[in-house]
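Me: I would like to go through this structure slowly and learn why its parts are described in the words they are. Could we take it one term at a time?

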Amino acid sequence: MEEVKKVKKPRGIAHLIPGKCIACGARCQSDCPEDAIEMNDKGEPIITAVKCIGCKRCVKICPAQALEMYFTPEEQKILDTMTDKAPEEAEVVEPGLKEYRGVWIFIEHTEGKPATVSWELLGEGAKLAKTLNVELCSVVIGENVEHLCQESFSYGASKVYLIDAPVFHHYRTETFFRGICYLVEKYKPEILLMGATGMGRDLAGAVATKLQTGLTADCTGLDIDEKGYLLQTRPAFGGNIMATIMTEKTRPQMSTVRPHVMELAKKDPSRIGAIVRESIDIREEELPTRVIEVIEDASGDQLDLAGAEIIVSGGRGMCGMENFSILQELADELGGSVGCSRAAVEAGWMPPERQVGQTGKTVRPKIYIACGISGAIQHLVGMQSSDLIIAINQDRNAPIFEVATYGIVGDVFQIVPAMTERIRELKSKKGGSPKNGSSNNGPSGKE
Ligand SMILES: Cc1cc2nc3c(=O)[nH]c(=O)nc-3n(C[C@H](O)[C@H](O)[C@H](O)COP(=O)(O)OP(=O)(O)OC[C@H]3O[C@@H](n4cnc5c(N)ncnc54)[C@H](O)[C@@H]3O)c2cc1C
């Protein structure tokens, strides 16, 4: 076997470009996996060089491009020689893995109706494919699902692997995992992503087991390192740390990502691509399961918290179930939904489907209003990608303020009703109807 000499690429140290920080609310600090960042009185980061591992997370998350990587002259020299060399010389690649190429996204659907998470993953997959300089492809399996190929193209895929046959009409682990494994073994993608939904979790585990490859579930961040490996970041140890996991020795590198974690890809219906039609011989009689009937869950709360554009969320600071009505009033005025922290669920004030966070829903609304929520990491991982975060808390040191766009230090029982009142006033001045939004069900799910 040919021996490849390892050349360690310097990672550098994050450093602040003077005058560029906009004091966004310590996003860099909350994203640092090593606690290497403290904030000064002006809300600017102070980086402890000895703690920085050069992961670049702070550089990437900074909305003002105020952080960059610093390399010593020696490190810069190594970097320069590495970029001069051919990638094969500079990188260590496991033999046999090089033939795996391309980023694949599994397109989840129910009887042809796609799950939005698939398009979010195409958006993320496009970034990975661009970095790796490889193709972005979709995998569509079902019956009469060819329309999902064109939709895949419009969300960025350049190729779709399609298996369309009656045996795939309903999702079953056995049929779908055999379909995907067949395609993977034949076409060898290096990365395979699925939604962390009921279907995706079931399927990804089966596929990874059959292919004897690594799978990282519920990723909140994906990136490519300098060797071309997929960096899969997810909360670990009860959400107390963010772990970055790599699949170094097997392919494909598999991850699942929850809905609303990644940004939805931009749709361009004019995009076109290639369809690779495949078939696999699976006979109904050899399958251990049959779908007799599909019964929709009509009992549950019809709430789509994860898809809500505005969420007013309450925590232990709401002090009781009855007080959530003030959040509902505000949500109604804004056309939003009411969410909560786990503390509120555990207290029996709110149903579990309203919980936001690591063990609840991941949300990405345009506005998230956190009322009486401290901002524990397990809550933050479920809402910190919201476009705009307003936090109301009487404790000025509450961690929620570190991710908030606007922080209000004060009593929720004074501030929330005042906000509702003010919105009503503004609406009546404009002559609008007091309830112009389509609010989701109330906390009890009964409205
Ligand atoms: C494995 C694991 C998974 C978890 N998953 C989740 C999850 O998915 N989601 C989640 O939320 N948590 C989760 N948790 C729990 C999490 O660690 C916290 O315990 C929880 O988020 C705290 O909820 P809270 O902020 O409502 O309560 P607290 O931390 O008690 O905060 C209450 C806040 O209200 C403020 N306050 C009190 N009264 C008022 C007032 N009148 N006006 C204004 N502010 C006021 C206080 O200053 C305080 O900051 C998880 C924990 C573990 C170990």
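Me: Since this is a predicted model, let me begin with the strands: what makes strands 18, 17, 19, 20 and 21 an open sheet, and in which order do they lie?

Reply: Five strands form this sheet in the order 18-17-19-20-21, and their pairing is parallel. Strand 18 (337–340) and strand 21 (406–409) stand at the edges with a single partner strand each, so one side of each is left without a neighbour in the sheet. From one strand to the next, the twist averages 20°.

Me: How do you know that strand 19 and strand 20 count as paired?

Reply: Two strands pair if there are at least two bridges between them, and strand 19 (residues 367–371) is joined to strand 20 by five bridges, with the two running parallel; the requirement is therefore met. As one example of a bridge, Ala370 has Ala391 in strand 20 as its partner.

Me: Which strands does helix 9 lie across, and which does helix 13 lie across?

Reply: Helix 9 lies across strand 17 (310–314), strand 18 and strand 19, and runs at about 170° to strand 17. Helix 13, for its part, lies across strand 19, strand 20 and strand 21, at about 135° to strand 20.

Me: Why are helix 9 and helix 13 called roughly parallel to each other?

Reply: The axes of helix 9 (residues 324–334) and helix 13 come within 9 Å and cross at roughly 25°. Angles under 35 degrees count as roughly parallel, and therefore these two helices are given that name. Their crossing is left-handed.

Me: Which residues meet where helix 9 and helix 13 are in contact?

Reply: From helix 9 come Ile326, Leu327, Glu329, Leu330, Glu333 and Leu334, and they meet Val416, Pro417, Met419, Thr420, Ile423 and Arg424 of helix 13. Sorted by class, this contact has eight nonpolar residues, one polar residue and three charged ones.

Me: Why, then, are helix 7 and helix 8 called oblique to each other?

Reply: The axes of helix 7 (residues 173–187) and helix 8 (residues 198–211) come within 9 Å as well, and they cross at roughly 50°. That value is not under 35 degrees, not over 145 and not within 65 to 115, and the rest count as oblique, so helix 7 and helix 8 are oblique to each other. The crossing of this pair is right-handed.

Me: What classes of residue make up the contact of helix 7 with helix 8?

Reply: Among the residues that meet there are Phe176, Phe177 and Ile180 in helix 7, and Leu203, Ala206 and Val207 in helix 8. The residues of this contact divide into nine nonpolar, one polar and two charged.

Me: What makes strand 12 and strand 14 the edge strands of their sheet?

Reply: That open sheet has three strands in the order 12-13-14, with antiparallel pairing. Strand 12 (221–224) and strand 14 (241–245) each pair on one side only, and they are the edge strands. Strand 13 (residues 230–236) pairs with strand 14 over five bridges, and the bridge partner of Pro235 in strand 14 is Met242.

Me: Which residues come nearest to the ligand, and what classes of residue surround it?

Reply: There are 30 residues around the ligand, and Gly315, Gly317, Arg342, Gly357 and Ser374 come nearest. The shell has nine nonpolar, 17 polar and four charged residues, and helix 10 (342–346), helix 11 (377–383), strand 20 (388–393) and helix 13 (412–430) each supply at least two of its residues.

Conventions. Residues numbered from 1 in each chain as written. Predicted model: local features only at pLDDT ≥ 70, side-chain atom pairs only at ≥ 80, totals over all residues. Helix = DSSP H or I, 4+ residues; strand = E, 2+ residues; numbered from the N terminus. Near = placed C-beta within 6 Å. Nonpolar A, V, L, I, M, F, W, Y, C, P; charged D, E, K, R; others polar. Axes fitted to C-alpha atoms, helices over the stretch in contact; angles between N-to-C directions. Left-handed = near helix turned anticlockwise from the far one by under 90°. Contact = placed C-beta atoms within 7 Å.
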